[in-house]
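Let's take a walk through this structure together, one neighbourhood at a time. Keep the 3D view open and click along as we go.

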Amino acid sequence: MSANPPSTPLDRSNLWKPNRTLNKRVEAGVKALFALFAFVSVVTTIGIVFTLIFETVGFFQEVSLWRFLTERQWTPLFADKQFGVMVLVSATLLTSVIAIAVALPIGLLAAICLSEYAPAKVRKWLKPALEILAGVPTVVFGYFALLTVTPFLQKIIPGIQGFNALSAGLVLGVSIIPLVASLSEDAIYAVPRSLRDGAYALGSTKREAITSVVLPAALSGIVASFILAISRAIGETMIVTIAAGQNPQLTLNPLVPVETMTAYIVQVSKGDTPAGSLAYRTIFAVGMTLFVITLTLNIFSYWFVRRFREKYE
Amino acid sequence: MTSPNPQSVDSAQYKANPNFNVSISKRYNLDKVFTAATWAATLFGLIVLAVLLIDILADGIPRLNGSFLTSFSSRRASSAGILAPLVGSIWLLVTTALISFPLGVGAGIFLEEYAKDNWFTRLIEINIANLAAVPSIIYGLLGLQIFVRLIQPITQGRTVLAGALTLTLLILPIIIITTREALRAVPDSLRQAGFALGATRWQVIREQIFPIALPGILTGTILALSRAIGETAPLIVIGAVSYIAFLPDPSLKGLQSPFTALPIQIFDWVSRPQPAFHTNAAAGIIVLMVLLLLMNATAILLRNKFQTNR
């Protein structure tokens with residue numbers, strides 16, 4: 001049988017044709033739109049920096065940087081204005097150090113437990129339970145610090161005042177534990193089994209394998225989680241505002257009320273401070289200080305992880 | 001050459017390294033202590049959480065009743081209610097979701113699917129990583145300057161819209177990161193198949209990739225939104241006051257009205273010296289936690305539903 005040659009070309013007029021011009025235009029449009037959305041993040045950072053710098057420059061035109069860094073009192077809202085930001089920074093430091101002393105050891109040990117010691121069935125509900133702790137709003141922790149922890153501390157520590165840095169620091173530490181635990185656990189989990197097996201093959205106990213092989217291997221991730229936790233502790237607002245008080249004093253005593261940088265910003269924002277006044281500008285100067293501190297920590301963390309990250313094959 | 005007989009090796013050569021604890025039982029004992037310490041650390045967090053929840057429930061449940069949920073704020077603790085903050089929080093939630101979802105998902109799609117590996121992309125990625133770690137109160141300062149003051153004609157000052165825009169910027173990095181992770185989990189072969197059939201990239205994303213990544217994206221977005229609802233500091237800085245005796249107008253005009261939110265009201269009540277207000281705060285916290293619980297449950301339900309449908 002010979003094939004019949006086609007007498008007419010195939011009629012495609014009633015078939016679906018892709019509208020390639022439209023597709024190309026839509027593609028270009030969508031790509032440009034989404035690129036714009038992504039650029040919003042850059043605009044946000046520029047906005048933050050610009051906002052802070054704008055008002056801070058205005059602030060430093062009235063108050064010298066030297067006064068800002070070296071005066072020993074913080075009384076910008078009183079008649080005798082003093083602008084020693086170190087008062088606020090010392091309070092932030094005090095609460096953060098207490099928080100870190102609680103969160104880092106407990107978080108790291110909890111991470112080790114979750115990844116090494118907990119059986120799979122326990123892990124299934126243990127991890128979500130810690131996630132719940134992470135999801136509690138900070139204002140709830142502030143309530144807990146002021147109305148439960150402080151009265152409890154007042155029973156066991158004589159001389160502790162109603163507002164104090166200790167209870168704020170302790171609760172702040174508890175609120176950061178899930179962060180340290182989950183990030184450290186990710187870092188520990190990433191260490192390959194072969195390293196652990198090697199340690200066991202050399203006769204080490206489980207603890208020795210963890211402390212001398214696994215933890216050093218996961219070090220960059222663990223340190224990154226620590227630095228993120230410190231950054232969170234420094235930038236935290238509600239727990240310290242509610243429980244540590246709003247009495248700026250330059251002290252390292254955790255039993256008295258102090259005012260952190262973030263608590264001061266809240267204090268001024270709650271009041272009626274006219275925009276453009278010196279008091280208004282102080283919150284931006286303090287915000288700038290806070291931003292610089294946390295930015296430095298984040299940059300250090302980024303550098304540290306890149307420098308010390310272990311590359312497994 | 002004969003190999004040395006192991007028995008003849010001088011045992012004096014092998015004096016114990018002082019760092020090496022030869023006693024195996026001591027090492028195992030240390031192991032037990034270490035294990036106990038890790039378990040204690042884990043349980044410590046849970047015990048504190050339990051104490052916190054029990055404490056708040058004990059204080060707040062007696063105060064929770066219909067009138068509490070439907071009254072406005074008041075100078076007397078017994079007649080103060082949580083209606084305005086609850087409605088305010090819901091307004092904020094919906095508005096923030098409507099703005100942040102397209103922005104975040106679009107940016108995530110761009111970074112994951114379209115962006116080439118050049119300086120522009122690296123800049124954006126570094127930015128997002130940085131922004132995720134900025135304290136929330138700084139976003140409040142940004143919102144104060146830009147959304148309350150600078151674009152005052154649009155937002156009309158310290159309003160729901162300004163609050164929603166501030167919260168959007170706050171959670172945008174989180175949404176972008178979770179979107180990228182969800183998109184990354186979709187196998188590349190699907191994309192390649194789409195391109196092989198002559199589809200444009202957007203067609204492939206819209207028809208194939210995005211529906212598969214959607215459960216992960218939705219879960220991440222809802223979790224980010226639940227974080228936004230619990231945020232107090234940025235809202236205080238933009239000036240959400242606590243004594244609001246009206247609800248925002250249920251129309252677009254409502255976006256331009258002053259507002260209050262659950263965390264703000266809780267903060268206000270906790271800061272008062274009278275114990276009756278502390279009870280109110282506990283009840284308010286329960287309402288907030290129920291809202292968060294509902295959101296998280298929705299996230300988990302959505303994820304399960306979409307996963308079983310495939």
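Before we start, one bit of vocabulary: a residue is called buried when its relative accessible area is under 20%, exposed when that value is over 50%, and partly exposed in between. Also keep in mind that what you're looking at is a predicted model.

Let's put that cut-off to work in chain B. B:T168 has a relative accessible area of 2%, so this threonine is buried. You'll find B:T168 in helix α7 of chain B, which covers residues 160-184. And what does the side chain of B:T168 reach? Its partner is the backbone oxygen of B:A164, at 2.7 Å.

Now jump over to helix α3 of chain B, residues 83-114, where B:G104 sits. B:G104 comes out at 0% relative accessibility, so it counts as buried. B:G104 and B:L172 are 68 residues apart in sequence, yet their C-alpha atoms are 5.6 Å apart in space. Further along, B:L111 is also part of helix α3 of chain B. At 4% relative accessibility, B:L111 is under the 20% limit and therefore buried. The C-alpha atoms of B:L111 and B:T121 are separated by 7.1 Å, with the two positions 10 residues apart along the chain.

Stay in chain B for some charges. Over all chains, the structure has 19 salt bridges. One of them joins the side chains of B:R180 and B:E112, with N and O 2.9 Å apart. That pair ties together distant parts of the chain: B:R180 belongs to helix α7 of chain B and B:E112 to helix α3 of chain B, 68 residues apart. B:R180 also forms a salt bridge with B:E125, and here the closest N and O atoms are 3.1 Å apart. This pair links distant parts of the chain too, with B:E125 in helix α4 (residues 119-131) of chain B and B:R180 in helix α7 of chain B, 55 residues apart.

Which of these charged residues are buried and which are partly exposed? B:R180 has a relative accessible area of 15%, so the arginine is buried. B:E112 is at 22%, so this glutamate counts as partly exposed. B:E125, at 28%, is partly exposed as well.

One more arginine in chain B deserves a click. B:R272 lies over the face of B:F277, at 4.4 Å from the ring centre.

Over in chain A, look for the salt bridge between A:R193 and A:D197, where the closest N and O atoms are 3.6 Å apart. The two residues are four positions apart in helix α7 (residues 193-201) of chain A, so about one helical turn separates them. A:R193 has 60% relative accessibility, so it counts as exposed. A:D197 has a relative accessible area of 33% and is partly exposed. Want to see charges from both chains at once? Pick out A:E55, A:E62, A:R281 and B:R149, which are linked in a network of salt bridges.

Time for the rings. There are 18 aromatic pairs over all chains. Among them is A:F68 with A:W74: the ring centres are 6.4 Å apart and the planes meet at 65°, so the pair is edge-to-face. A:F68 and A:W74 are both buried. For contrast, try A:F300 and A:F304, whose ring centres are 6.0 Å apart and whose planes are at 45°, so this pair is tilted. Both phenylalanines lie in helix α12 (residues 278-308) of chain A, four residues apart, or about one turn of the helix. A:F300 has a relative accessible area of 40% and so is partly exposed, while A:F304, at 12%, counts as buried.

Back at A:F68 and A:W74, zoom out a little. Together with A:F59, A:F60, A:F83 and A:Y264, they form one aromatic cluster.

Our last stop is on the surface of chain A. A:L65, A:L69, A:M86 and A:L250 form a nonpolar patch there, with about 340 Å² of accessible area together. A:L69 is found in helix α2 (residues 65-70) of chain A. With a relative accessible area of 40%, A:L69 falls between the two cut-offs and is therefore partly exposed.

Note on methods: Residues are numbered from 1 along each chain as its sequence is written. Chains are lettered from A and ligands numbered from 1 in the order in which they are written. This is a predicted model: local features need pLDDT of at least 70, side-chain atom pairs count only at pLDDT 80 or more; totals for chains, interfaces and linings use all residues. Side-chain values use heavy atoms; hydrogens and water are left out. Rings of Phe, Tyr and Trp (its six-membered ring) pair if their centres lie within 6.5 Å; planes under 30 degrees apart count as stacked, over 60 as edge-to-face and the rest as tilted. Buried means under 20% relative accessible area, exposed over 50%, partly exposed in between (1.4 Å probe, protein chains only). A charge sits over a ring if NZ of Lys or CZ of Arg is within 6 Å of the ring centre and within 35 degrees of the ring normal. Patches are made of residues with over 30% relative accessible area and no salt bridge: like charges are joined within 9 Å, nonpolar side chains (Val, Leu, Ile, Met, Phe, Trp, Tyr) within 5 Å. Accessible areas come from the Shrake-Rupley method with a 1.4 Å probe; for residues, only the protein chains shown count as cover. A salt bridge is a side-chain nitrogen of Lys or Arg within 4 Å of a carboxyl oxygen of Asp or Glu. A polar contact is a pair of N or O atoms within 3.5 Å; within protein, one must be able to donate a hydrogen and the other to accept it, and residues adjacent in sequence count only if both atoms are side-chain atoms.
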